[in-house]
Amino acid sequence: MRTHLITLGIICGLATSGSTVRAANLSVVGFDVPAVIVAEPVRSAVVDAPTTGGPLVRLRIPVSTFVSSQFSGTVQEYVVEFESPSQTLRIVDFWPRSEVYSEIDGPVQVKTSSEHTRDLNFSVSGGFEPFARGTAGGKSQQQSTSQSSFQRKPPMQILTAGGTIRRGHGVFFKFRPGPLPNLEGLRELAILVETPAHWRADMLQVTMRAVGSHGGRGQAQNLGESRLWMTVHREGDSAAAAQARHFVAKERALRGLAAASQSQIDRRSLPTIWHKMGAALDVVEPKIPANYLTQ
């Protein structure tokens with residue numbers, strides 16, 4: 001009986017410790033994107049980037065970020081990624097492109113000067129007995145001075161960065177605080193993609209995360225992360241739009257069911273006391289992974 005009580009005490013202590021760690025790692029930064037995006041057709045004649053002849057569409061995606069009012073740390077960077085898992089959408093162009101900023105307005109004036117001085121001291125003494133004895137001294141000096149001035153660009157810092165990923169079937173954006181360190185709010189991103197012939201609808205996976213530090217000190221860590229699915233359909237295609245809305249409704253119902261069944265899912269994930277002990281010691285993987293809903 002005593003052994004069982006000790007075992008239960010260890011498990012409760014580990015569970016409490018795990019709850020504390022999880023509470024400390026709660027997301028303090030949240031994200032949001034629309035569930036459905038309309039793809040606007042673009043004429044290939046107005047695009048300079050090379051294509052393979054497929055139809056071009058533009059996706060305008062608003063991304064919202066918000067920070068918890070209890071957070072007193074610093075957000076150093078936001079990262080947003082869009083990916084076409086089926087690799088049916090190829091990234092042709094994106095906006096915003098990489099941007100830099102400087103706290104110095106205008107070019108920097110640089111002046112350099114150099115001075116070279118050469119001194120020569122001499123003395124002459126001689127005896128001319130019995131007439132006279134004397135000493136003579138002198139000094140020779142050469143000095144040259146040169147000056148030059150030029151302008152150079154002020155030091156720059158990265159404000160926005162972007163590029164393609166997944167062999168051109170995805171794109172990423174990075175946002176960093178500028179002179180006004182506020183990364184909260186709405187940003188509109190735009191992506192130009194090439195689709196297969198007769199393309200009507202698709203799905204994109206969106207990954208968003210924030211990196212920063214608590215209290216403005218310490219090592220950078222993950223402050224929040226979201227992974228969502230976003231449906232895309234061609235503008236004016238009512239049937240594809242209806243299917244996109246149907247998928248969103250089904251996904252919402254699935255997430256609601258998962259939230260209502262959270263206690264049952266947790267129980268089945270670690271069905272026995274030994275599973276719970278192993279999970280607390282990081283030696284046993286739960287039967288149901290924590291990211292089961294994303295998968």
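**View 1. Arg 187 and the ring of Phe 175.** In this predicted model, the charged end of Arg 187 is placed over the ring of Phe 175, at 5.1 Å from the ring centre. Phe 175 is buried, its relative accessible area being 8%. The ring of Phe 175 also pairs with that of Phe 173. Arg 187 is in contact with Tyr 78, and Thr 65 touches Arg 187 as well.

**View 2. The aromatic cluster around Phe 173.** One aromatic cluster is formed by Phe 82, Phe 94, Phe 173 and Phe 175. By the ring-centre rule, the structure has four aromatic pairs. One pair outside this group of names, Phe 31 with Tyr 78, has its ring centres 5.7 Å apart and its planes at 75 degrees, so it is edge-to-face. Phe 31 belongs to strand E1 (residues 29-32) and Tyr 78 to strand E4, and the pair links parts of the chain 47 residues apart. In the pair of Phe 173 and Phe 175, the ring centres are 6.5 Å apart and the planes meet at 15 degrees; the pair is therefore stacked. Phe 173 has 0% relative accessibility and counts as buried. At Phe 94, a charged residue is also present: Arg 97 lies over the face of the Phe 94 ring, 4.4 Å from the ring centre.

**View 3. Surroundings of Tyr 78.** Tyr 78 has a relative accessible area of 1% and is buried. Its ring partner Phe 31 is buried too, with a relative accessible area of 8%. Beyond four places in sequence, the contacts of Tyr 78 include Val 29, Phe 31, Thr 65 and Val 67. Phe 173, Lys 174 and Phe 175 are also among the residues in contact with Tyr 78, as are Leu 183, Arg 209 and Ala 210.

**View 4. Thr 65 in strand E3.** Thr 65 is part of strand E3. With a relative accessible area of 6%, Thr 65 is buried. Apart from residues up to four places away in sequence, Thr 65 touches Gly 30 and Phe 31, along with Tyr 78. Leu 183, Glu 184, Gly 185 and Arg 187 complete the set of residues that Thr 65 touches.

**View 5. Val 80 and the nonpolar core.** Val 80 is in strand E4 (residues 74-83). The relative accessible area of Val 80 is 1%, which is under the 20% limit, so the residue is buried. The largest nonpolar core holds 33 residues, and Val 80 is one of those with the most contacts inside it, together with Val 29, Ile 61, Val 63, Tyr 78 and Phe 82. Setting aside neighbours within four places in sequence, Val 80 is in contact with Val 63, Val 171, Phe 172, Phe 173 and Phe 175, and also with Leu 189, Val 206, Thr 207 and Met 208. Val 80 and Leu 189 are separated by 109 residues in sequence, while their C-alpha atoms are 9.9 Å apart.

**View 6. Salt bridge between Glu 40 and Arg 60.** Ten salt bridges are found in the whole structure. In one of them, the side chains of Glu 40 and Arg 60 meet at 2.9 Å, N to O. Glu 40 is in strand E2 (residues 36-42) and Arg 60 in strand E3 (residues 56-67), so this pair ties together parts 20 residues apart in sequence. Glu 40 is buried, at a relative accessible area of 16%, whereas Arg 60 is partly exposed at 40%.

**View 7. Arg 166, Glu 83 and their network.** The side chains of Arg 166 and Glu 83 form a salt bridge of 3.4 Å, N to O. Because Arg 166 lies in the loop between strand E9 (157-165) and strand E10 (170-175) and Glu 83 in strand E4, the pair ties together parts 83 residues apart in sequence. Arg 166 is partly exposed, with a relative accessible area of 40%. Through shared partners, salt bridges join Glu 81, Glu 83, Arg 166 and Arg 209 into one network.

**View 8. Salt bridge within helix H2.** Glu 251 and Arg 255 meet through their side chains in a salt bridge of 3.4 Å, N to O. The two residues are four apart in helix H2 (residues 238-260), a separation of about one helical turn. Glu 251 is buried, with a relative accessible area of 16%; Arg 255, at 31%, is partly exposed.

Definitions and conventions: Residues numbered from 1 in each chain as written. Predicted model: local features only at pLDDT ≥ 70, side-chain atom pairs only at ≥ 80, totals over all residues. Heavy atoms only, no water. Buried < 20%, exposed > 50% of the residue type's maximum accessible area, 1.4 Å probe, protein only. Contact = heavy atoms within 4.5 Å. Salt bridge = Lys/Arg side-chain N within 4 Å of Asp/Glu carboxyl O. Core = buried A, V, L, I, M, F, W, Y, C linked by side-chain atoms within 4.5 Å. Phe/Tyr/Trp six-rings, centres within 6.5 Å; stacked < 30°, edge-to-face > 60°. Lys NZ or Arg CZ within 6 Å of the ring centre and 35° of its normal.
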